[in-house]
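Hi everyone, thanks for coming. I've got one structure to walk you through today, so let me put it up on the screen.

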Amino acid sequence: FREQPIFSTRAHVFQIDPNTKKNWVPTSKHAVTVSYFYDSTRNVYRIISLDGSKAIINSTITPNMTFTKTSQKFGQWADSRANTVYGLGFSSEHHLSKFAEKFQEFKEAARIAKEKSHEKMELTSTPSQESAGGDIQSPLTPESINGTDDERAMPEVTQNSEPRAEPTQNALPFTHSSTISKHWEAELATLKGNNAKLTAALLESTANVKQWKQQLAAYQEEAERLHKRVTELECVSSQANAVHTHKTELNQTIQELESTLKKKEEEIEGLKQEIENARELQAQRDSLTQKLQ
């Protein structure tokens, strides 16, 4: 494709509330891919982001734009063409700084491309203005080329009434007519050139539309694949949460069993001590019985 992504990151996308012009309205439910695109044919940089099949950011970078960091993880810029203000929330300050650096870099590149385009337009327009100013000093009208009704009728009257004028008197009108003819030939060539440019631009726009449709279809497929992956990860996450909960319950049960085992061991020790005491008492009893006998 003619337009290719040159830098991508992920962020939560917001737009300013069109009613209050103060509050932020989230345009994405979760973090989405935000990419810088470069059109090598037109030297144009754009910021594009899709949420599924919906384009939530389509902003052309111009030299008068400014990206402002309003916090450690949030930045914004105003797009006068879209008549809105975009905001991006990043996961870290590093991602925000990287996006801001790219914004400044591509903004400067857009400014240089615009200046070169103006210089090229001035160079191409200068020769036509000089030739037009040198050939014709007064503006041309249909009457000055074809003549008014009275002027177009005069040759017929002079032809019928008197002979043609002297050649020296006819030289000026002939030279003036030749100059006008050359000027209009140049104008016709210019119009043909402009027509060719417009035709080429129309064909290019048609090709761009086809490319954008193909690219949008590719984005939609990628978005569907990512949605499926997110669903799978959510299922795995829910399973992991269940395993974690079960593990916690098992740990609590183990702790309870260990506590119960400790109590039983203490009881066993107590019983052992009682058995020892009972044996000593039995020995004393046996001894007393022998003495008694």
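**Starting from strand 7 and strand 8**

Okay, let's begin with a hairpin. Strand 7, residues 74–79, pairs with strand 8 in the antiparallel sense, and there are six bridges between them. One bridge to look at is A78, whose partner in strand 8 is V85. Four residues sit between the two strands of this hairpin, and N83 takes a positive phi there, near 55°.

Before I go on, please keep in mind that this is a predicted model.

So, is strand 8 buried or exposed for the most part? Five of its six residues are buried, so strand 8 is largely enclosed by the rest of the structure. Strand 7 isn't the end of the story for strand 8, since strand 1 also pairs with strand 8, antiparallel, over four bridges. If you want to find that pairing on the screen, look for F14, which has G87 as its bridge partner in strand 8, and for V13, whose partner there is L88.

Now let me zoom out for a second. The chain has four helices and eight strands. Reading along the sequence, you get β-β-β-β-β-β-β-β-α-α-α-α. Of the 293 residues in the chain, 19% are buried. The accessible surface is about 22,100 Å², and carbon and sulfur atoms account for 55% of that. For the contact-map people: take contacts between residues at least 6 apart in sequence, and 52% of those join residues at least 24 apart.

**Strand 1 and its partners**

Back to strand 1, then. Besides strand 8, strand 1 pairs with strand 3 in the antiparallel sense, over eight bridges. Strand 1 also runs antiparallel to strand 2, residues 24–26, with three bridges joining them. In that pairing, Q15 has V25 as its bridge partner in strand 2.

In the pairing with strand 3, S8 stands opposite S35. Those two serines also meet through their side chains, with a polar contact at 2.7 Å. S35 has 7% relative accessibility, and the cut-off for buried is under 20%, so S35 counts as buried. Who else does S35 touch? Leaving aside neighbours within four places in sequence, S35 is in contact with P5, F7, S8, R46, I47 and I48.

**Another buried serine**

There's a serine in strand 5 I'd like to show you too, namely S59. Its relative accessibility is 0%, so S59 counts as buried. Which side chain makes a polar contact with the side chain of S59? That's D79, at 2.7 Å. With residues up to four places away left out, S59 touches Y45, R46, I47, M65, W77, D79 and Y86. And for a C-alpha distance, S59 and A82 are 23 residues apart along the chain, with their C-alpha atoms separated by 7.3 Å.

**The nonpolar core**

Right, on to the core. The largest nonpolar core has 23 residues, and the ones with the most contacts inside it are V34, Y36, I47, I57, W77, L88 and F99. Two or more residues come from each of strand 1 (3–16), strand 3 (32–39), strand 4 (44–51), strand 5 (54–60), strand 8 (84–89) and helix 1 (93–135). Which of these elements gives the most to the core? Helix 1 does, with six residues.

Let's click on F99. Skipping residues up to four places away in sequence, F99 touches F7, T9, V34, Y36, I47, F67, W77, L88 and F90. Several of those names come back when we turn to the rings. A search of the whole structure gives 15 aromatic pairs. One aromatic cluster is made up of F7, Y36, Y38, Y45, F67, W77, Y86, F90, F99, F103 and F106. If anybody wants to go through the pairs afterwards, a pair of aromatic rings is described by the distance of the centres and the angle of the planes.

To wrap up, here's what I'd keep in mind: strand 8 is largely enclosed, with five of its six residues buried, and helix 1 gives the most to the largest nonpolar core. That's it from me, and I'm happy to rotate the view for anyone.

Conventions. Residues are numbered from 1 along each chain as its sequence is written. This is a predicted model: local features need pLDDT of at least 70, side-chain atom pairs count only at pLDDT 80 or more; totals for chains, interfaces and linings use all residues. Side-chain values use heavy atoms; hydrogens and water are left out. A nonpolar core is a set of buried Ala, Val, Leu, Ile, Met, Phe, Trp, Tyr and Cys residues joined through side-chain atoms within 4.5 Å. Buried means under 20% relative accessible area, exposed over 50%, partly exposed in between (1.4 Å probe, protein chains only). Contact means heavy atoms within 4.5 Å. Rings of Phe, Tyr and Trp (its six-membered ring) pair if their centres lie within 6.5 Å; planes under 30 degrees apart count as stacked, over 60 as edge-to-face and the rest as tilted. Two strands pair if DSSP finds at least two bridges between them. A polar contact is a pair of N or O atoms within 3.5 Å; within protein, one must be able to donate a hydrogen and the other to accept it, and residues adjacent in sequence count only if both atoms are side-chain atoms. Accessible areas come from the Shrake-Rupley method with a 1.4 Å probe; for residues, only the protein chains shown count as cover.
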